[in-house]
Amino acid sequence: MNEDQLWDVLIIGSGPAGLSAALYAKRANLDVLVIEKEYRGTGQITESDLVDNYLGLPNINGYDLGEAFLGHVEQLGAEFREGTVEGFEKEGKWWKVHVANSQAIRTKTVIYCAGASHRRLGVDGEAEFAGKGVSYCAVCDGAFYRGKDTAVIGGGDTALGDALYLSDLCERVYLIHRREEFRGSASTVQQLQEKENVEILTSAVPKKIVGEQTVTALELKDGRSIPVNGAFVAVGMQPQTGLLQGIVKLDDAGYVVADETGVTSEPGFFAAGDVRTKALRQVVTAVSDGANAAVSAAEYIKQMQVS
């Protein structure tokens, strides 16, 4: 690889958003480099034992879906490099991206797809049963618990929305919050209070998630054991945007301020996937984001080259 090369598009992150961006950028006949900190990583999708809401591919393993995305992009000739990005600087009208233990990468545009991570409870059994009864996405996995008993842990709007969503699918839903008052919408709390199959437990702190092959109960610090088939953790997300402080505009929660075009406050710098401000964070919206950001990047390059 020519270290002095000026790439058309540098994509940071090879989850669904990054791979979709690479696909559309290659189809636009652009030189594309994807940089990912994990060898052949394809994002959080690999944590899902089963994905059943990606159109046309029902009941597919998350790892297999990620590999299918990656294979498609590799066939088109996008280049990949394993590495950790450490910083950005503007070099004239283009960008210089600094990578740990490597020479800086020069590129006309950056598409940032580093994603966001779910905050963990940090209790015993959480990691052990991830994907086996512990979930961080009710919209993704709720249908697998139809007619079963589940718990939602959290007190914000996401937790309240998850509990409401699951109440239409599950036999019983326990909403567990460590405080007396909820941070989320009072109107949603009222709706949940009116649901006969929802039990709200406040001042309740999870201690341990227990089970055998799958989750069977959630133990609380006050000694209670709640029998459930699934535990949905909704205690917030952390966008991977620490590197972007002072580079592009972020909202109060740390997400990149960008609409579906991926355009950010800094020309030539685009954002796609879970890292940007949006209402729904799913594989399908990440793929859409990547496509839009690549199209925006291609248009930006065209405009800059004729200016």
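This passage goes through the nonpolar cores, an open sheet and a surface patch of a predicted model.

Start with the inside. The largest nonpolar core holds 34 residues, and Val9, Ile11, Val32, Phe69 and Ile111 are the ones with the most contacts within it. Two or more residues each come from strand 1 (6-12), helix 1 (16-27), strand 2 (32-36), helix 2 (62-75) and helix 6 (283-306). Helix 6 puts in the largest share, with nine residues. For a closer look at this core, take Ile11: leaving aside residues up to four places away in sequence, Ile11 touches Gly18, Ala21, Ala22, Val32, Leu33, Val34, Ile35, Ile111 and Cys113. Another core, made up of 21 residues, lies apart from the one just described, and Leu250, Val256, Ala271 and Val275 are among its members.

Next comes the sheet. Five strands line up in the order 8-15-9-10-11 to give an open sheet with parallel pairing. Strand 8 (134-135) and strand 11 (198-201) sit at the edges, each pairing on one side only. Strand 8 is joined to strand 15 (residues 230-233) in the parallel sense over two bridges, and Val134 stands opposite Ala231 of strand 15. In general, backbone hydrogen bonds are what pair the strands of a sheet, whether parallel or antiparallel.

Out on the surface, Val139, Tyr165 and Leu280 make up a nonpolar patch, and together they have about 240 Å² of accessible area. Tyr165 belongs to helix 4 (residues 157-167). With a relative accessibility of 34%, Tyr165 counts as partly exposed, because that class runs between the buried limit of 20% and the exposed limit of 50%.

Terms used: Residues numbered from 1 in each chain as written. Predicted model: local features only at pLDDT ≥ 70, side-chain atom pairs only at ≥ 80, totals over all residues. Heavy atoms only, no water. Patch = residues over 30% accessible without salt bridge, like charges linked within 9 Å, V, L, I, M, F, W, Y side chains within 5 Å. Areas by Shrake-Rupley, 256 points an atom, 1.4 Å probe, with all protein chains shown as cover. Salt bridge = Lys/Arg side-chain N within 4 Å of Asp/Glu carboxyl O. Helix = DSSP H or I, 4+ residues; strand = E, 2+ residues; numbered from the N terminus. Buried < 20%, exposed > 50% of the residue type's maximum accessible area, 1.4 Å probe, protein only. Core = buried A, V, L, I, M, F, W, Y, C linked by side-chain atoms within 4.5 Å. Contact = heavy atoms within 4.5 Å. Pairing = 2+ DSSP bridges.
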